[in-house]
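I set out to record, entry by entry, what I looked up in this structure. The notes begin with the overall division of the chain and end with its first residue.

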Amino acid sequence: MTAVEIAPPTGKLGVLTPGMGAVATTFIAGVIAARQGLAAPIGSVTQMAHIRLGTREDGLNPLIKDFVPLASLDDIVFGGWDPITSNALEGARAAGVLEERDLAKISSELEGIVAMDAVFDQRWVKKLDGTRVKEIVSKLEQAQALMADIERFRSENNCDRLVMVWCGSTEAYQEASDVHESVEAFEAGLANNDDNISPSQIYAYAALMSGVPFANGAPNLSVDLPCMIDLAKRREVPIVGKDFKTGQTLMKTLIAPGLKARMLGLRGWYSTNILGNRDGEVLDDPENFKTKEMSKLGVLDTILQPSLYPDLYGNIDHVVRINYYPPRGDNKEGWDAIDIFGWLGYPMQIKIDFLCRDSILAAPIVLDLALFMDLAQRAGESGVQEWLSFYLKAPQSERDSGPEHDIFIQQTKLKNTLREWMGEKPVTHSEAG
Ligand SMILES: NC(=O)c1ccc[n+]([C@@H]2O[C@H](COP(=O)([O-])OP(=O)(O)OC[C@H]3O[C@@H](n4cnc5c(N)ncnc54)[C@H](O)[C@@H]3O)[C@@H](O)[C@H]2O)c1
């Protein structure tokens, strides 16, 4: 197999996050801690996973980061925008994910990462009251201001390349409309201040126009729109979305493929969450919750294929609830009551109570998406990066059959993409390590 030509990761990589809340600051703090040798980057596939090459007998299992030319953690520079947070230290303290004993060792570095004024509109996130906001009304001028921020950041930090990962709040639910149909319609919409253009879409537009890959960690529409897909191809920039696959949905995509592999039936899956961070507060608004709900509900159908298995999966009640409960802060509790059935239709129940830490699970995903999106760009890729579906609850897909949700198939696809780019044979069965 012939390897793809991949430009080397020379110089600095700037990682820009619109949103410097719990996830973004936990990501930044973790990378700084890892490069100072204070903690291992646990949960990061780019940093910790091995990849098997050839047959098992060959015994070749390099670390992914030694196999593909990824940017080094030492070469990452952080930046971002936020309408509330002033710098990464303040953001991390307000989020309350990491303890003071961990923040103290890296506090001056975190304090030096100052949030730029955001493009923010309360119509999309009713529960937040932004103060560090660009005083610009025109959406076209907002986009231009973001492009100017990007270029300033690039030159001030001497960055060779940049990537953007949306870590901002979940915006209110919307369906795509005429303004999203083409690049031309979107640009006309920016000029006319079209109501259907949300802030995250303005960031996505600014990133793509600046040649910066864009990943969406939230469930709202941003790059999963015809105009953005087209713009990404025209500007030859990779895009990927959406919604980091962390707590409950991670569990769902681990368990559902197992039930299906054993041909056990599913009658219902009731998922409820209690969380008390700012994300939970934003999702307490029905319009913002609807965006999240739609993203979480899609998972089971594609994994279980009810049309192929009507007897097993043709009649499922799938319910998702999120309740804002301040005492828990970022330490979410996700309850799943799963009603399954087996031989002769006898019912059984599974209960999962996942006491997880949302941002601890999301932070390594931000790192991996940033490094892999940068790699994809250097490998000459553009448009939707389906091989990164592994990290996302509602992966973007350009095929009629839709996205793949089964985490094990997603993992195979991710690793085989890396093998293919490096001129190695794909591994389609057991993955040893
Ligand atoms: N934590 C997880 O496990 C997880 C999983 C999947 C998706 N997400 C999504 O990731 C996003 C971030 O989550 P979080 O826990 O860090 O939330 P958070 O509320 O702590 O942080 C979000 C930040 O975005 C800022 N923001 C809002 N609108 C903005 C704008 N227009 N421009 C720039 N910044 C803006 C807010 O001020 C806030 O500081 C949310 O959309 C969340 O739904 C999180």
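**Entry 1: Domains**

I looked up the separation of the two domains first: the C-alpha centres of domain 1 and domain 2 lie 26 Å apart. I note that the model is a predicted one. I then checked the bounds: domain 1 is made of 12-244 + 360-421, and domain 2 covers 248-355. For the contact between them, I found 28 residues from domain 1 and 27 residues from domain 2. I also looked up the classes on the side of domain 1 that touches domain 2, and recorded 13 nonpolar, seven polar and eight charged residues.

**Entry 2: The six-stranded sheet**

How is the sheet of six strands ordered? I read the order as 2-1-3-4-5-10, in an open sheet with parallel pairing. At its edges I found strand 2 (76-81) and strand 10 (383-384), each of which pairs on one side only. I examined one pair within this sheet: strand 1 (residues 12-18) and strand 3 (residues 159-166) run parallel and are joined by five bridges. As one point on that pairing, I noted that Leu16 has Met164 of strand 3 as its bridge partner. Next I asked what helix 15 does here, and found that helix 15 packs on the sheet, where it touches strand 1, strand 3, strand 4 (214-216) and strand 5 (238-241). The direction of helix 15 makes about 130° with that of strand 3.

**Entry 3: The four-stranded sheet**

I turned to a second open sheet, whose four strands follow the order 7-6-8-9 with mixed pairing. Why is one side of strand 7 and of strand 9 left without a neighbour in the sheet? Strand 7 (317-324) and strand 9 (347-355) stand at the edges and each has a single partner strand, so one side of each remains without a neighbour. Direction ignored, I found neighbouring strands of this sheet turned by 10° against each other on average.

I then went through the pairs. Strand 6 (residues 265-275) runs parallel to strand 7, and eight bridges join the two; in this pair, Ile274 has Asn323 of strand 7 as its bridge partner. Strand 6 pairs with strand 8 in the antiparallel sense over nine bridges, and here Gly265 stands opposite Phe341 of strand 8. Strand 8 and strand 9 also run antiparallel, joined by nine bridges. In strand 9, I found Pro347 opposite Phe341 and Ile352 as the bridge partner of Asp336.

I looked at the hairpin of strand 8 and strand 9 as well: five residues lie between the strands, and Leu344 takes a positive phi near 60° there. Is strand 9 buried or in the open? The number of buried residues among its nine is zero, so strand 9 lies largely in the open. I also noted that helix 11 (residues 247-261) lies across strand 6, strand 8 (333-341) and strand 9, at about 20° to strand 8.

**Entry 4: The ligand shell**

How many residues surround the ligand? I recorded 36, the closest being Gly19, Gly21, Ala218, Thr246 and Arg278. By class, I found 21 nonpolar, 10 polar and five charged residues in this shell. Domain 1 and domain 2 each supply at least three residues of the shell. I then looked up the helices: helix 1 (22-35), helix 12 (278-283) and helix 15 (358-378) each give at least two residues to the shell. The largest share, four residues, comes from helix 15, the helix that I had already noted as packing on the six-stranded sheet.

**Entry 5: The start of the chain**

Finally I looked up Met1, which is placed in the segment before strand 1. Is Met1 buried or exposed? I found 11 other C-beta atoms within 10 Å of Met1; a residue with 12 or fewer counts as exposed, so Met1 is exposed. With neighbours within four places in sequence left aside, Met1 is in contact with Glu420, Gly423, Glu424 and Lys425. I also checked Met1 against Asp82: the two are 81 residues apart in sequence and 45 Å apart in space, C-alpha to C-alpha.

Terms used. Residues numbered from 1 in each chain as written. Predicted model: local features only at pLDDT ≥ 70, side-chain atom pairs only at ≥ 80, totals over all residues. Near = placed C-beta within 6 Å. Nonpolar A, V, L, I, M, F, W, Y, C, P; charged D, E, K, R; others polar. Domains from an automatic or database assignment. Pairing = 2+ DSSP bridges. Contact = placed C-beta atoms within 7 Å. Axes fitted to C-alpha atoms, helices over the stretch in contact; angles between N-to-C directions. Buried ≥ 20, exposed ≤ 12 C-beta atoms within 10 Å, placed from the backbone.
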